[in-house]
Amino acid sequence: MASFSLVRIAAGILLTSEAVREVFRVSWDGYYQHAFPHDSLRPVSNGYADDRNGWAASAVDALSTALVMGEWGIVDQILDYIPKIDFDRTADVVSLFETTIRYLGGLLSAYDLLTSPCFHKEAEQRRPHVGTILNQARWLADNLKVAFDTPSGVPDNMLRFGPPRKAGSTVNGIATAGTLVLEWTRLADLTGDSEYAELAQRAEAILLRPEPAGAAEPFPGLLGTELRIADGLFVDGNGGWGGGTDSFYEYLIKMRLYDRARFGGYAERWRAAADSSMRHLVSHPAARPDLTFLAGWHGPELRFASGHLACFHGGNFILGGLVLDEPRFVRFGLELVDGCRATYEATATGIGPETFAWQDASLPPDAPNNRPPPREQAAFYNTSGFWILDGRYALRPEVIESYYHAYRATGDKKYQGWAWEAFLRINATCRVGSGFSAIRDVNRPDGGGFSDFQESFWFAEVLKYSYLIHAEEAPWQVKADHTNEFVFNTEGHPIRLAGGSERSDIDRGNKGNKKATTGSRGCVSP
Ligand SMILES: *[C@@H]1O[C@H](CO)[C@@H](O)[C@H](O)[C@H]1NC(C)=O
Ligand SMILES: *[C@@H]1O[C@H](CO)[C@@H](O)[C@H](O)[C@H]1NC(C)=O
């Protein structure tokens with residue numbers, strides 16, 4: 001594929017952010033017309049799905065993106081509906097994790113954005129809605145909190161409502177159990193009710209000291225995947241940075257950013273995981289030793305496979321390096337970003353696959369865990385450095401999310417160019433009917449057909465990061481100089497830091513002469 005070099009003139013900024021905004025509006029209008037207030041749009045058939053309990057998941061997930069874009073018409077359509085969501089009613093099993101990151105995260109983010117000084121005027125005009133958002137978040141959490149009522153404190157991820165009760169799972173995973181603490185701590189901090197924080201932090205504490213020692217932690221900081229709800233003991237020592245484990249590692253450093261005073265210990269665990277990854281998991285494909293991927297593990301044995309979900313890791317290493325002031329993590333994160341970009345560059349659509357594998361350059365090619373590619377992908381592997389295990393693309397954000405962090409850390413416009421290129425390829429391949437759809441095969445020029453599904457995280461993440469990488473400075477943008485005011489939850493919802501900013505002391509000292517951030521919305525930091 002021809003590499004795209006972005007001429008970053010004023011017109012270019014407008015072109016890129018306006019193009020993302022246009023896609024956001026088209027996706028929203030299709031959803032609003034054909035699916036709202038159900039969860040998700042089926043853009044080919046103009047139908048809907050209630051895949052997230054029927055509480056208007058796409059609307060709640062779109063709200064923080066509409067806010068940072070200043071799409072006030074869409075914001076108002078969503079705000080009008082928030083008070084009508086009935087969090088007591090759902091026919092389906094409720095996932096504590098999905099409900100926390102999408103609904104609770106979306107509501108808390110909307111509250112934090114609307115109460116930020118940036119939106120003072122707009123929030124005044126919508127004052128009754130602002131309090132309602134927090135009340136709805138609290139109602140939802142009050143229904144969810146029965147999940148934590150277990151002997152070990154490890155929550156049951158599966159609930160039924162009416163009345164709320166545990167579905168009776170025996171195990172939970174480190175991603176589903178370890179990606180709650182930001183949202184539940186924020187809710188406690190905003191409401192003054194510490195119970196929410198205590199529940200999530202008690203569960204997290206078990207993940208910070210994994211047992212049985214050794215088996216649960218094959219490399220320092222790198223854990224198994226599942227643990228028993230009855231006693232909090234791990235049942236395996238297999239893991240990776242992908243689905244099922246990913247955001248546990250992500251939140252360790254994000255909690256340190258959220259509140260350095262309370263979560264320094266979490267950062268130590270993140271540093272251990274990051275160091276172990278750089279020491280033990282780093283892998284270069286034999287066919288393309290210039291690329292860097294991270295292997296997974298089965299106990300101490302490596303597995304040379306990864307996927308789109310794991311590609312958040314570049315951005316997470318970069319963020320960790322910025323927050324901890326350790327440039328080696330930023331440098332390594334940028335290498336991981338390059339590796340994930342290679343999975344986009346190689347395919348017929350210019351979009352990376354759901355999962356892929358490679359042969360490690362340093363192990364013998366006949367080692368049992370280092371098999372060659374299947375014959376039909378050998379030529380593809382020789383030039384690309386990976387072969388495709390699962391060629392679907394589900395409108396996932398992680399590669400663009402990592403480009404966003406790479407750009408914010410380095411200011412290198414190359415990453416804006418990469419994000420724009422990915423956005424154009426997704427627009428060219430996934431746009432269909434009344435919106436955008438997941439596709440079946442990224443390595444066929446037409447995408448191999450549409451699965452007729454527009455995920456809610458399309459709004460929350462893909463379009464937010466695609467927009468923000470080209471957008472002007474704003475308090476919610478990731479900062480490279482310890483002036484962050486927000487931290488993004490794993491669903492891309494910006495949550496305000498506990499102290500208001502990363503260096504609240506410095507901000508206070510500089511208040512008198514701090515330059516106002518200029519912007520079209522007149523957004524000024526406090
Ligand atoms: C791929 O590269 C290997 C090693 O150089 C070579 O033996 C093999 O023939 C190549 N396969 C194809 C299909 O190009
Ligand atoms: C996105 O796709 C639509 C439909 O093919 C096209 O009209 C539009 O120009 C594309 N947007 C960009 C920025 O290329």
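**Entry 1: Ser58**

Setting aside neighbours within four places in sequence, I found Ser58 in contact with Trp28, Tyr31, Asp39, Ser40, Ser456 and Phe459. I note at the outset that the model I am reading is predicted. I placed Ser58 in helix α2, which covers residues 57-69. Is Ser58 buried or exposed? I recorded a relative accessible area of 0% for Ser58, and because the limit for a buried residue is under 20%, I entered Ser58 as buried.

**Entry 2: the largest pocket**

I next looked up the open spaces. For the largest pocket I noted a volume of about 470 Å³. Its lining consists of 26 residues. Which of them lie nearest the centre of the pocket? I listed Phe97, Glu98, Asp246, Leu309 and Arg396.

I then sorted the lining by helix. At least two residues of the lining come from each of α4 (96-114), α7 (174-177), α10 (246-258), α15 (398-410) and α17 (457-468). The largest share is that of α4, with four residues. By class, I recorded 12 charged, seven polar and seven nonpolar residues in the lining of this pocket.

**Entry 3: the cavities**

I turned from the pocket to the enclosed spaces. How many cavities of 30 Å³ or more are there? The count I entered is two. The second largest cavity holds about 40 Å³ of space.

I wrote down the residues that line the second largest cavity: Lys254, Leu257, Leu319, His405, Val478, Asn484, Phe486, Val487 and Phe488. Two elements, α10 and β18 (486-488), each supply at least two residues of this lining. The most comes from β18, which gives three residues. By class, I noted six nonpolar, two polar and one charged residues around the second largest cavity.

**Entry 4: Lys254**

I followed up Lys254, one of the residues lining the second largest cavity. Lys254 is found in helix α10, an element that also supplies at least two residues to the lining of the largest pocket. With a relative accessible area of 3%, Lys254 is buried.

What does the side chain of Lys254 meet in a polar contact? I found the side chain of Glu250, at 2.8 Å. Leaving aside neighbours within four places in sequence, I also listed contacts of Lys254 with Leu319, Val487, Phe488 and Asn489. Among these partners, Leu319, Val487 and Phe488 also appear in the lining of the second largest cavity.

**Entry 5: ligand 2**

I looked up the surroundings of ligand 2 and entered Ala19, Trp420, Leu424, Asn427 and Arg431. I then checked the oxygen atoms of the ligand against side-chain N or O atoms. For Asn427, I noted a distance of 2.4 Å between such a side-chain atom and an oxygen atom of ligand 2. For Arg431, the corresponding entry is 3.3 Å, again from an oxygen atom of ligand 2 to a side-chain N or O atom.

**Entry 6: backbone geometry**

I searched the backbone with a general expectation in mind: most peptide bonds are trans, and most residues other than glycine have a negative phi.

I recorded a cis peptide bond from Phe36 to Pro37, with omega near 0°. Pro37 is found in the loop between α1 (10-34) and β1 (40-42). I recorded another cis peptide bond from Gly162 to Pro163, with omega near -10°. The place of Pro163 is the loop between β4 (158-160) and β5 (165-166).

For phi, I entered Asn53, where a positive value near 75° occurs in a residue other than glycine. Asn53 sits in the loop between β2 (47-49) and α2, the helix that holds Ser58. Asn53 is buried, at a relative accessible area of 9%.

I also entered Asp325, with a positive phi near 60°. Asp325 lies in the loop between α12 (313-324) and α13 (327-345). Is Asp325 buried or exposed? I recorded a relative accessibility of 53% for Asp325; because the exposed class begins over 50%, I entered Asp325 as exposed.

**Entry 7: Gly73**

My last entry concerns Gly73, which is found in helix α3 (residues 72-81). Its relative accessible area of 52% makes Gly73 exposed. I then looked up the separation between Gly73 and Gly221, which are 148 residues apart along the chain. Their C-alpha atoms are separated by 46 Å.

How values were computed
Residues numbered from 1 in each chain as written. Chains lettered and ligands numbered in written order. Predicted model: local features only at pLDDT ≥ 70, side-chain atom pairs only at ≥ 80, totals over all residues. Heavy atoms only, no water. 1 Å grid on protein atoms, 1.4 Å probe; cavity = no way out; pocket = protein on both sides within 12 Å on 5 of 7 lines; lining within 4 Å. Points joined across faces, edges and corners; volume = space filled by probe spheres on them. Nonpolar A, V, L, I, M, F, W, Y, C, P; charged D, E, K, R; others polar. Buried < 20%, exposed > 50% of the residue type's maximum accessible area, 1.4 Å probe, protein only. Contact = heavy atoms within 4.5 Å. Near = heavy atom within 4 Å. Polar contact = N/O pair within 3.5 Å; in protein donor to acceptor, adjacent residues only side chain to side chain.
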